[in-house]
Amino acid sequence: MATCPPYPTHPTGPAEGAPRRHAHWWQRKWVRYGALVTLLAISGLVILALVRRQTGTEGFLVGLGLAVFPVPLLVAAFRWLDRVEPGPWRNLLFAFAWGACAAALIAIVANSFATRWIATATADPTSADTLGATVIAPIVEESAKAAAVLLVFLFRRRDFTGIVDGVVIAGVTATGFAFTENILYLGTAFGTDQLSGDSGLKSVTAATFFVRVVMSPFAHPLFTVLTGIGFGIAALSAERHHVRRVLLPLAGLVLAMGMHAMWNGSSSFGEFGFFAVYATFMVPAFALLTWLVVWTRQRELRTVRAELPAYATAGWLSASEPYVLGSMRARRLARRYAARHLGGRPAARSVAEYEAYATSLAFLRHRARDGRAGADFLVRERKLLHELWLRRDAARPALAYAARATAPVPVVPVPPPWPAYGYTPTYGQPHPGPYATAAPYPAYKPYPVYNPYRS
């Protein structure tokens, strides 16, 4: 009988006894993280100085106080969309910081340089401003924001598995960019009111706040989400589809630039051009994209319900867990029950982690069936199963309660053909251990559930 360590080495790693290759200093993780943090910090300091110089200290503080209003709502909305398989917070923090610091700095510098060059070349400042707003700004700003999505797509590939991940990263990046841009616009408007003496609802500050924060807080996220959808569809494509994985993100980026250009050019369509574009294009596009993302989220839940029965049949999960883990309401009930009856917030956190690992396991198996799992499928499957086993004591009772509360009719499983190793599992009895033998699930013969005792 063969044995297997909990965390085996990657099959393509160096042979046992072979000399280990030391990574170059620039390949070390702390060097890359340090360089990224330094880049974002320097960008933040520079953009802070530029905005403060243009708006003044008082205008900057007023703009900052008003621009922060939509940020928690937008971030919470994108986090809600990501509840099926929540990505790590560090990706969201990077996306927001990139949008607020690096992308905003690139946009301010590039837009100013391009507008001045056009004004000098054409000797027509008015046309230069219009051209800069409708052509230069959409290209520069959407490209700068798309860079964050590209970086996560390339260097955090395991966290970027589909459309929802692309939407969330793109939306949070655009939220950070809009936050900095709103500080600039609101602070400038406040400075104008200080010079003219206007105040209250008739002030430029109030009008700017209404247009940018109340009516269109989703404008920048809506544009960049199109780029995120392109990257998300590319993530769903197989590795061999190289052309598709390149063209789809570019198509999303071009659509984002086009919608951004239409939005910026709405003021040149007449007195009511802004409202016409808002009602005709922005609101329907926002509704359509919202429906698409919610539909994708429901599709992910169906994937969880379809893939996890393989592990329930093998004894890793109880018979009711695939249904519970495929329902957001049942998941919420399980976390609430754990918090109230099984040990407070630590127990609820264990249940939430159990749900996240089980979802990742379902998606990993789904990608394996489609040929997109990669060479480390068994290693990752084994690690996810081990993480589930470590959290089973808090998760099993909570998920069982959620199953009774949401599906009172029990589901009777069909007994699988268990191998003769001196143990016949029965649902409701303790599992023999985190690496017990699991029978292959007939529907997934090319990708059987992990079996550590295979010789």
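**View 1. Surface and fold of the predicted protein chain.** About 24,000 Å² of the protein chain is exposed, and carbon and sulfur atoms supply 65% of that area. The secondary structure consists of 15 helices and zero strands. Of the 455 residues in the chain, 45% are buried. Among contacts with a separation of 6 or more, 75% are between residues 24 or more positions apart.

**View 2. The largest pocket and its centre.** The space in this pocket comes to about 1,200 Å³. It is lined by 38 residues, and those closest to the pocket centre are Glu141, Glu181, Leu184, Tyr185 and Arg212. Two or more lining residues come from each of helix H1 (29–67), helix H3 (89–122), helix H4 (125–155), helix H5 (163–196), helix H6 (204–215), helix H7 (219–236) and helix H8 (242–264).

**View 3. Residue classes in the lining of the largest pocket.** Nonpolar residues number 18 in this lining, polar residues 14 and charged residues six.

**View 4. Asn91 and its surroundings in helix H3.** Asn91 has a relative accessibility of 7% and therefore counts as buried, the cut-off being under 20%. Its side chain forms a polar contact of 3.2 Å with the side chain of Asp159. When neighbours within four places in sequence are left aside, the residues in contact with Asn91 are Val152, Arg156, Asp159 and Ile169. Asp159 thus appears both in this list of contacts and as the side-chain partner of Asn91 in the polar contact.

Methods: Residues numbered from 1 in each chain as written. Predicted model: local features only at pLDDT ≥ 70, side-chain atom pairs only at ≥ 80, totals over all residues. Heavy atoms only, no water. Helix = DSSP H or I, 4+ residues; strand = E, 2+ residues; numbered from the N terminus. Buried < 20%, exposed > 50% of the residue type's maximum accessible area, 1.4 Å probe, protein only. Contact = heavy atoms within 4.5 Å. Areas by Shrake-Rupley, 256 points an atom, 1.4 Å probe, with all protein chains shown as cover. 1 Å grid on protein atoms, 1.4 Å probe; cavity = no way out; pocket = protein on both sides within 12 Å on 5 of 7 lines; lining within 4 Å. Points joined across faces, edges and corners; volume = space filled by probe spheres on them. Nonpolar A, V, L, I, M, F, W, Y, C, P; charged D, E, K, R; others polar. Polar contact = N/O pair within 3.5 Å; in protein donor to acceptor, adjacent residues only side chain to side chain.
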